[in-house]
Amino acid sequence: MSRLFRAEQTQQDGQDSLRHGGNLEVLARRSGRAAASLLDFSANINPLGMPAAARAALIAGIDALGHYPDPACTALRAAIGQHLDVASDQILVGNGAEQLIWWLPRLLDARRVLVTAPAYLDYGRAAEVWQRPLVSIPLPPEDGFALDLERLSTQFRAGDLVWIGQPNNPTGRLVDPEALRRAVIAHPRVDWAIDEAFIDFVSGTESAARWALPNLIVIRSMTKFYALAGLRLGYAVLAPTRAAAFMRLLPEWSVNSLAAAAGTAILNDPALPEFSQRTRTLIGTERRRLTEALRRLGLEVIDSAANYLLLRLPEQAPMAAELAARLLRSEGIAVRVCDDYAGLDARYLRIAVRLEAENRRLLAAMRRLL
């Protein structure tokens, strides 16, 4: 185990951890309020809540808890395959996308792990855990943290694992899909992991899962778009031979029977297209409103395609941690401070895009505090 990971783990054992957003128990203690009363902008979950089909499947599945779940997740993998138009033998299901993110450097036996800065923190943490050299590729803030694939490719060596957020977290930026596909094809000795945890919120962008390239692993989440964060469900789409080999290396029963039932019900639900379109319409409309209103308050807002916004506070404003603490204590509103992301300083915040009334409440609070 690496020195960095041991130090971070020791620190987390001794104090409340907010390394990821959405830890309502910690937020409630810090705010002095009940968890149910908090308005959480720190986690990027669909504000419409879980689909009705998931709720019905969870209730109906209670009696099955006396039996072991299907370790192969046969019905769920079939539903995912039909949903994405890929073969079910290309699908590897996990206890949230997080389980697959953490195991991937080991499963691939990656020589090095390349991540952009900023990017989702656990790409780098997983590399540290498995003692793989980590290469950080800075994204220029003056270009809105856009990724230059040509510049990235100059860093490659055979056996590398390269992480691409599509869209990236925390910036919400997309990479042009066709340019990305060409890059994956052009570098066959590099493994590409494309994280599509938030792509369902993006209108008009196809999943890379259909590309069927041997050096490509697409990681997808079912917890954000379908508001199932507490259930833990995600999957990867990759070459069939790799999917079979990796399944043998992961713990059996990684996915519990309730998660498998809910995921299968959602993807087989005839009402799913309507739910998806309603979500994307809401997020698109509210993201534009939030962006314009925050810029009028003097904040720098990174153009995002996702259900969250990365903000930089102006120089005359409090630092992000101070503003977040004030929002939590005085308003009961939680936001994500981003000073722990490589490439971001102490003035960056990330906020989720929520319902119109909730977004207005956040804007009013920020207006008062700024």
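This briefing covers aromatic contacts and one charged surface patch. The structure is a predicted model. A search of the whole structure finds 12 aromatic pairs. On the surface, E142, D143, D148 and E150 form a negative patch.

**Aromatic pair F156 and W192**

- The ring centres of F156 and W192 lie 5.3 Å apart and the ring planes meet at 85°, so this pair is edge-to-face, given that planes over 60 degrees apart count as such.
- F156 is located in the loop between α7 and β5 (160-165), while W192 belongs to strand β6 (residues 191-195), so the pair ties together parts that are 36 residues apart in sequence.
- Both F156 and W192 are buried.

**Aromatic pair F225 and Y226**

- The rings of F225 and Y226 have their centres 5.2 Å apart, with their planes at 85°, so this pair is also edge-to-face.
- F225 has a relative accessible area of 1%, and therefore counts as buried, the limit being under 20%.
- Y226 is likewise buried, with a relative accessible area of 3%.
- F225 and Y226 belong to one aromatic cluster, together with F198, F201, F275 and Y308.

**Negative surface patch**

- D148, one of the residues of the negative patch, lies in the loop between β4 (134-138) and α7 (149-153).
- The relative accessible area of D148 is 42%, so this residue is classed as partly exposed, which lies between the buried limit of 20% and the exposed limit of 50%.

Note on methods. Residues numbered from 1 in each chain as written. Predicted model: local features only at pLDDT ≥ 70, side-chain atom pairs only at ≥ 80, totals over all residues. Heavy atoms only, no water. Patch = residues over 30% accessible without salt bridge, like charges linked within 9 Å, V, L, I, M, F, W, Y side chains within 5 Å. Areas by Shrake-Rupley, 256 points an atom, 1.4 Å probe, with all protein chains shown as cover. Salt bridge = Lys/Arg side-chain N within 4 Å of Asp/Glu carboxyl O. Lys, Arg positive; Asp, Glu negative; His and termini not counted. Charge placed at Lys NZ, Arg CZ, Asp CG, Glu CD. Helix = DSSP H or I, 4+ residues; strand = E, 2+ residues; numbered from the N terminus. Buried < 20%, exposed > 50% of the residue type's maximum accessible area, 1.4 Å probe, protein only. Phe/Tyr/Trp six-rings, centres within 6.5 Å; stacked < 30°, edge-to-face > 60°.
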